[in-house]
Amino acid sequence: MKFSYDVLVIGGGHAGCEAACASANMGAKTCLVTLDMNKIAQMSCNPAIGGIAKGQIVREIDALGGQMGLVTDATAIQFRMLNVGKGPAMWSPRAQCDRGKFIWEWRRMLDLTPNLDIWQDQADELLVENHEAIGVRTIWGAELLAKCVIVTAGTFLNGLMHIGRKMVPGGRIAEPAVPHFTESITRHGVISARMKTGTPVRIDKRSVDFSEMEIQPGETRPYQFSYMNKTGALKQLPCWTVNTNAEVHEVLKSGLADSPLYNGQIQSIGPRYCPSIETKLMTFPDREKHPLFLEPEGEDTNEMYLNGFSSSLPMDIQIAALKKMPAFKNLKVYRPGYAIEYDFFDPTQLSHSLESKIIKNLFMAGQVNGTTGYEEAGGQGTIAGINAALKAGAAANDEGTTFSPFVLHRDEAYIGVLIDDLVTKGVDEPYRMFTSRAEYRILLRQDDADARLTEKAYNLGIVKRERYDWWMDKKKHIEEIESFCQNFAIKPKLINSALEALGTTPLQYGCKLIDLVNRPQLNLKNLSEMIPQLQEVLDRPTNRKEEIAEAAEIRMKYKGYIERERIVAEKMHRLENIKIKGHFNYEEIQSLSTEARQKLTRIQPETLAQASRIPGVSPSDINVMLVLMGR
């Protein structure tokens with residue numbers, strides 16, 4: 001049988017679900033192919049969304065009309081704002097979720113999305129004609145044809161799981177690997193390689209002695225991921241912390257000879273920033289303890305996730321080691337941790353739209369691009385879905401219609417940083433987003449993703465009117481608060497006693513309210529307790545008052561830093577505007593360094609700014625190209 005679509009998405013993980021929704025919401029007839037409809041958007045590892053820099057990505061997905069934030073809010077069982085002791089550029093939201101309810105909420109979202117079909121099957125071969133992807137053939141012989149194909153296969157491509165010396169093919173525990181599909185892509189010239197990741201033991205909470213652990217409660221303030229006013233209704237649960245000890249380490253070390261990471265069984269590289277417990281022991285041999293975090297998998301399950309104890313050691317070693325900790329002396333587990341190796345494709349073979357440079361109409365997103373993390377996958381899926389829908393729409397119009405891709409720059413979104421890093425620098429280990437990777441992080445805060453992206457998404461047609469109106473209303477209220485603070489005059493005698501009580505210098509002369517807002521000891525909340533007129537302005541929004549006040553306060557307090565970083569970003573945009581693709585045969589430019597010639601030839605950057613970010617391309621190489629372009 002044959003079925004025809006505008007966009008075909010292969011894989012029902014976080015990248016695939018966002019890609020399918022983005023494409024369908026833009027009006028493209030879309031089909032999502034997944035192995036198991038009951039494991040849509042499975043949280044294969046940690047049952048949590050967000051974290052440092054990752055939380056900002058979820059806010060950006062939401063601002064672009066994506067679903068991850070809404071699903072998280074509906075299924076969250078604990079919310080925390082990380083890094084609140086630092087500046088707002090570092091604040092990062094994170095939520096524990098109910099794993100089972102997360103899947104079914106995502107399934108509900110997909111079922112409610114118009115223009116979207118789901119086909120439960122396994123992709124076996126990418127169909128290619130004249131170096132253009134035209135669809136896939138499944139193991140059951142169905143041919144799904146499409147104008148654009150998005151591959152979001154996660155860890156399933158030739159996946160191989162490891163526990164000790166035992167190896168079992170699989171894309172995830174108890175789920176089959178996908179053979180052959182990688183080879184149907186690489187035979188057309190696309191380069192693939194192998195990566196490794198892992199996951200910890202799952203614990204029965206009835207066997208845990210919580211009196212030997214430290215409780216870690218969530219926020220009392222009702223934070224949410226989505227900017228839309230949706231409130232979750234699940235019971236809020238604590239997490240728990242505990243440390244390993246010397247006895248634990250000795251048991252773990254006794255099993256290293258059977259560790260796939262150290263006996264040569266696994267050759268591929270694992271994630272640097274989420275190492276296994278055995279890697280921690282080898283990397284930090286002098287450490288007497290390592291922190292672990294016990295996290296609930298749901299509000300009505302006994303299953304718990306032991307964050308920090310990812311391992312592929314033999315199962316008897318894992319369990320024996322944990323039993324050396326007082327909290328786990330009576331331990332029962334649902335299953336041990338394991339490692340998994342899988343195929344990925346060199347992301348420097350992609351353009352910034354996430355379309356392959358080698359096979360036209362083929363897009364890739366998620367772990368197949370060498371990333372790790374649900375959030376990184378969802379961000380890529382959103383962009384791939386948007387661009388596949390745009391390209392399919394261009395193909396459906398009169399011949400000669402050009403495809404104008406939707407690309408986010410490094411000063412516009414963490415998603416832009418992520419994709420630019422992938423296609424410009426490539427990966428030699430699973431890529432994870434951090435705030436430190438973004439040179440414009442003061443511009444990329446978690447509080448202003450809607451300000452950066454919602455209007456762009458509305459103009460594309462992916463953000464619907466309700467979300468756009470919510471942003472415009474929020475924008476109006478932020479501006480009202482700022483205007484009031486800039487214009488409201490303060491008299492010393494009416495406020496000095498309150499200022500002294502808060503430990504800040506009293507006024508000698510009158511000033512505008514914004515001058516007080518900018519003091520580190522003061523904020524809109526404590527100032528509103530002294531100034532009734534300010535409280536009245538803060539009370540005007542009908543929804544999300546604290547969020548709106550927080551956004552306005554950040555814009556006022558950090559105005560100088562924000563404007564300075566914007567100037568730097570605008571200077572870099574000058575290089576972004578210099579298009580160089582197709583202008584040079586780099587191999588013939590002898591004034592470029594050998595490394596620069598090789599890397600520029602392989603990556604073929606679109607702009608001079610992208611070329612400047614390629615490792616091995618020096619400032620002098622950039623100057624050579626500027627001179628050759630007559631600049």
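1. Salt bridges. A search of the whole structure, which is a predicted model, finds 47 salt bridges. Side chains of opposite charge can pair when their charged atoms come close. Three of these pairs and one network are taken up in the points that follow.

2. Arg 137 and Glu 143. The side chains of Arg 137 and Glu 143 meet in a salt bridge, with 3.0 Å from N to O. How exposed or buried is Arg 137? Arg 137 has a relative accessible area of 29%, so it counts as partly exposed. Glu 143 has a relative accessible area of 15% and is buried. The cut-off for buried is under 20%, which is why the value for Glu 143 falls in that class.

3. Arg 613 and Glu 576. A salt bridge joins Arg 613 to Glu 576, and their closest N and O atoms are 3.2 Å apart. Arg 613 lies in the loop between helix H20 (608-612) and helix H21 (619-628), whereas Glu 576 belongs to helix H18 (residues 559-576), so the pair ties together parts that are 37 residues apart in sequence. Arg 613 is buried, and Glu 576 is buried as well.

4. The network. Which residues are linked with Arg 613 and Glu 576 in a network of salt bridges? The network also includes Arg 410, Asp 420, Asp 421, Lys 425 and Glu 439.

5. Arg 445 and its charged partners. Arg 445 is found in the loop between helix H10 (414-425) and helix H11 (449-460). Its relative accessible area is 4%, so Arg 445 is buried. Arg 445 forms a salt bridge with Asp 448, where the closest N and O atoms are 3.6 Å apart. Asp 448 is also buried. In addition, the side chain of Arg 445 makes a polar contact of 2.9 Å with the side chain of Asp 447.

6. The surroundings of Arg 445. Which residues does Arg 445 touch, once neighbours within four places in sequence are left aside? The contacts are Gln 56, Pro 88, Ala 89, Arg 452, Ile 554, Arg 555 and Ile 562. A reader can select Arg 445 in the structure and find each of these residues in contact with it.

7. Disulfides. How many disulfides does a search of the whole structure find? The search finds zero. Cys 239 serves as an example: the closest cysteine sulfur, in Cys 97, is 11 Å from the sulfur of Cys 239, which is too far for a bond. The cut-off for a disulfide is a pair of cysteine sulfur atoms within 2.5 Å. Cys 239 is buried, with a relative accessible area of 1%. Cys 511 is in no disulfide either, and the nearest cysteine sulfur, that of Cys 485, is 11 Å away. Cys 511 has a relative accessible area of 14% and is therefore buried.

8. The sheet of S3, S5 and S4. Strands of a sheet pair through backbone hydrogen bonds, either parallel or antiparallel. Here an open sheet of three strands has antiparallel pairing and the order S3-S5-S4. Strand S3 (48-50) and strand S4 (76-82) are the edge strands, and each pairs on one side only. On average, neighbouring strands of this sheet are turned by 15° against each other, direction ignored. S3 pairs with strand S5 (residues 92-97) in the antiparallel sense over three bridges. Within this pairing, Ile 49 has Ala 95 of S5 as its bridge partner.

9. The helix across the sheet. Which helix lies across S3, S4 and S5? This is helix H3 (residues 68-75), which runs at about 115° to S4.

10. The hairpin of S7 and S8. Strand S7 (123-129) and strand S8 (132-138) are joined by a loop that holds Asn 130. His 131 is in this loop between S7 and S8 too. The two strands pair in the antiparallel sense over six bridges, and Glu 129 stands opposite Glu 132 in S8. The hairpin has two residues between the strands.

11. Backbone angles in the hairpin. Asn 130 has a phi near 55°, a positive value in a residue other than glycine. His 131 is not a glycine, yet its phi is also positive, at about 60°. Are these loop residues buried or exposed? Asn 130 has a relative accessible area of 73% and is therefore exposed. His 131, at 53% relative accessibility, counts as exposed as well.

Note on methods
Residues numbered from 1 in each chain as written. Predicted model: local features only at pLDDT ≥ 70, side-chain atom pairs only at ≥ 80, totals over all residues. Heavy atoms only, no water. Pairing = 2+ DSSP bridges. Helix = DSSP H or I, 4+ residues; strand = E, 2+ residues; numbered from the N terminus. Axes fitted to C-alpha atoms, helices over the stretch in contact; angles between N-to-C directions. Contact = heavy atoms within 4.5 Å. Buried < 20%, exposed > 50% of the residue type's maximum accessible area, 1.4 Å probe, protein only. Polar contact = N/O pair within 3.5 Å; in protein donor to acceptor, adjacent residues only side chain to side chain. Salt bridge = Lys/Arg side-chain N within 4 Å of Asp/Glu carboxyl O.
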